[in-house]
Amino acid sequence: MSIDKIEVAKEKFGKLIEEQLARVERMKADKDFIDYASLPVIKIGICGGDGIGPAITAQAQRILEFLLADEVEKGKVEFKVIDGLTIENRIKANKAIPDDVLAELKECPVILKGPTTTPRAGDKVNIESANVAMRKELDLFANVRPVRIPEEGIDWTFYRENTEGGYALGSKGFNIDDDLAMDFTVATTDGTEAGRTIAAIRERIIRAAFEYAKKNNKGKVTCVTKANIIKTTDGKFLNTFKEIAKEYPDIETDDWYIDIMTAKLIDQNRRRDFKVVVLPNLYGDIITDEAAEFQGGVGTAGSINMGKKYAMFEAIHGSAPRMVEEHRDQYADPCSIIRAASMLLAHIGYGDKAEKLDKALDICTQTEKKIKITGRPDGCTSAELADYIMDTIKTL
């Protein structure tokens with residue numbers, strides 16, 4: 001390999017390090033979590049995304065507006081529709097999130113977002129995932145995904161680190177030459193919290209998982225890594241987990257490697273033991289999709305992406321461009337984004353309304369099933385399902 005190629009690679013790597021060090025400083029500057037009760041107005045951004053996103057997000061918005069009608073009338077809640085996060089706009093701007101769209105997003109401490117399309121390797125444009133970019137720009141370090149199936153004894157809550165690992169530089173890898181290509185995984189350290197030198201950016205997600213377990217009487221937190229192989233970054237995650245666990249002596253802990261954990265989730269005897277699971281970014285992305293299959297697939301699951309200043313709620317499935325091409329977007333299943341809307345309600349202090357929505361959604365999709373989404377004209381539309389859910393809420 002020529003000296004020139006090595007020097008070029010060094011320069012690129014140096015720029016990546018500079019970017020990450022700047023990101024660490026921005027994270028250190030954010031101290032306190034937002035108090036929604038203290039806000040004069042809670043502005044909720046509605047970002048449809050692309051593909052089936054606008055179709056399903058519109059139905060979740062209708063339900064939120066129905067449930068929060070009194071708060072909107074009083075001026076306590078305001079909705080802001082953000083239309084620009086489409087694949088066409090992102091390609092035109094050659095950015096994961098166009099600047100004007102990012103400015104609109106930053107006006108809203110709470111965001112409900114539909115799925116977005118990410119160009120694949122080999123496509124004509126190489127832009128980062130909009131989800132990944134939003135998590136980094138708004139420092140949404142915690143991705144929380146619940147999966148609950150009471151009749152099977154499943155009650156899982158996954159805390160996925162959301163801004164680092166292999167995703168921090170997912171579009172920044174580069175080819176050294178025709179024979180060598182490199183991508184990167186990232187872990188950052190921040191020694192500011194409570195003066196502890198072990199404190200880490202990843203500590204935020206681990207501590208959040210323990211605090212959730214403590215406040216909700218879950219009793220057990222499980223850490224998932226591949227620290228036997230990925231010794232530096234995964235090793236850092238696991239070691240931090242073990243240190244923080246000492247502060248919660250009443251909570252049982254264990255740790256698993258990601259490969260065997262994927263197997264244990266389908267082990268009927270073992271899977272009931274898992275309660276709260278905390279894990280790095282890539283592993284969390286994979287295993288939460290597996291977990292969602294137990295309650296009917298990714299179309300049934302919502303998630304929170306949470307930071308100190310912002311919280312973004314989304315469906316965990318993709319944008320399904322084929323459904324749009326076949327003019328079937330009006331038949332897309334909105335349950336995942338509606339679940340996310342319920343989580344949004346609870347997050348901003350309307351737990352009673354969230355409980356009603358969850359109950360109505362369960363009745364409409366699991367108990368009564370008067371109408372059914374199939375993704376095709378032989379089933380109901382997403383708007384008809386939303387109407388059914390709102391009519392059911394009125395009876396509760």
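Begin by selecting Asn-217, which lies in the loop between α7 (201-215) and β8 (220-225). Helices here are DSSP runs of H or I with at least four residues, strands are runs of E with at least two, and both are numbered from the N terminus. The phi of Asn-217 is near 55°, a positive value in a residue other than glycine. Asn-217 counts as exposed, at 71% relative accessibility. The accessibility classes are buried, under 20% relative accessible area, exposed, over 50%, and partly exposed in between, with a 1.4 Å probe and protein chains only.

The model on screen is predicted, so local features need pLDDT of at least 70 and side-chain atom pairs count only at pLDDT 80 or more, while totals for chains, interfaces and linings use all residues. Residues are numbered from 1 along each chain as its sequence is written, and side-chain values use heavy atoms, with hydrogens and water left out.

**Two more loops**

Go next to Ala-320, in the loop between β12 (311-315) and α11 (321-325). Ala-320 is not a glycine, yet it has a positive phi of about 45°. With 27% relative accessibility, Ala-320 counts as partly exposed.

Then pick Gly-153, in the loop between β4 (142-149) and β5 (154-161). Gly-153 counts as partly exposed, at 30% relative accessibility. Add Arg-271 to the selection: it is 118 residues from Gly-153 along the chain, and the two C-alpha atoms are separated by 8.4 Å.

**The whole chain**

Zoom out to the protein chain, which has 14 helices and twelve strands. Of its 396 residues, 53% count as buried. A contact means heavy atoms within 4.5 Å. Among contacts between residues at least 6 apart in sequence, 72% join residues at least 24 apart.

**The core**

Which residues touch the most other members of the largest nonpolar core? Select Ile-44, Leu-112, Val-278 and Ile-389 to see them, within a core of 69 residues. Helix α12 (residues 335-347) gives the most to this core, with eight residues. A nonpolar core is a set of buried Ala, Val, Leu, Ile, Met, Phe, Trp, Tyr and Cys residues joined through side-chain atoms within 4.5 Å. In soluble globular proteins, nonpolar side chains tend to be buried together.

Center on Val-278 and show its neighbors. Leaving out residues up to four places away in sequence, Val-278 touches Tyr-159, Ile-205, Ile-206, Ala-209, Val-221, Thr-222, Cys-223, Val-224, Phe-237 and Phe-241.

**Helix α13 against helix α14**

Now select helix α13 (residues 351-367) and helix α14 (residues 382-395), which pack at an angle of about 120° with their axes 9 Å apart. That angle makes α13 oblique to α14. Axes are lines fitted to C-alpha atoms, for helices over the stretch in contact, and angles run from 0 to 180 degrees between N-to-C directions. Angles under 35 degrees count as roughly parallel, over 145 as roughly antiparallel, 65 to 115 as roughly perpendicular and the rest as oblique.

For the side chains, show Lys-356, Leu-357, Ala-360, Leu-361, Ile-363 and Cys-364 in α13, which meet Tyr-388, Ile-389, Thr-392 and Ile-393 in α14. The residues of this contact of α13 with α14 divide into eight nonpolar, one polar and one charged. In these classes, Ala, Val, Leu, Ile, Met, Phe, Trp, Tyr, Cys and Pro count as nonpolar, Asp, Glu, Lys and Arg as charged, and the others, Gly among them, as polar.

Is Ala-360 buried or exposed? Ala-360, in helix α13, counts as buried at 0% relative accessibility. Not counting residues up to four places away in sequence, Ala-360 touches Ile-389, Thr-392, Ile-393 and Leu-396.

**Helix α2 against helix α14**

Keep α14 and add helix α2 (residues 53-67): the two axes come within 9 Å and cross at roughly 20°. α2 and α14 are therefore roughly parallel to each other. In α2, Ala-55, Gln-59, Arg-62, Ile-63, Phe-66 and Leu-67 meet Ser-382, Ala-383, Ala-386, Asp-387, Ile-389, Met-390, Ile-393 and Lys-394 in α14. By class, the contact of α2 with α14 has nine nonpolar, two polar and three charged residues.

Finish at Lys-394, found in helix α14. Lys-394 is exposed, with a relative accessible area of 58%. From Lys-394 to Leu-67 is 327 residues in sequence and 10.0 Å in space, C-alpha to C-alpha. The C-alpha atoms of Lys-394 and Ala-360 are separated by 9.3 Å, with their positions 34 residues apart along the chain.
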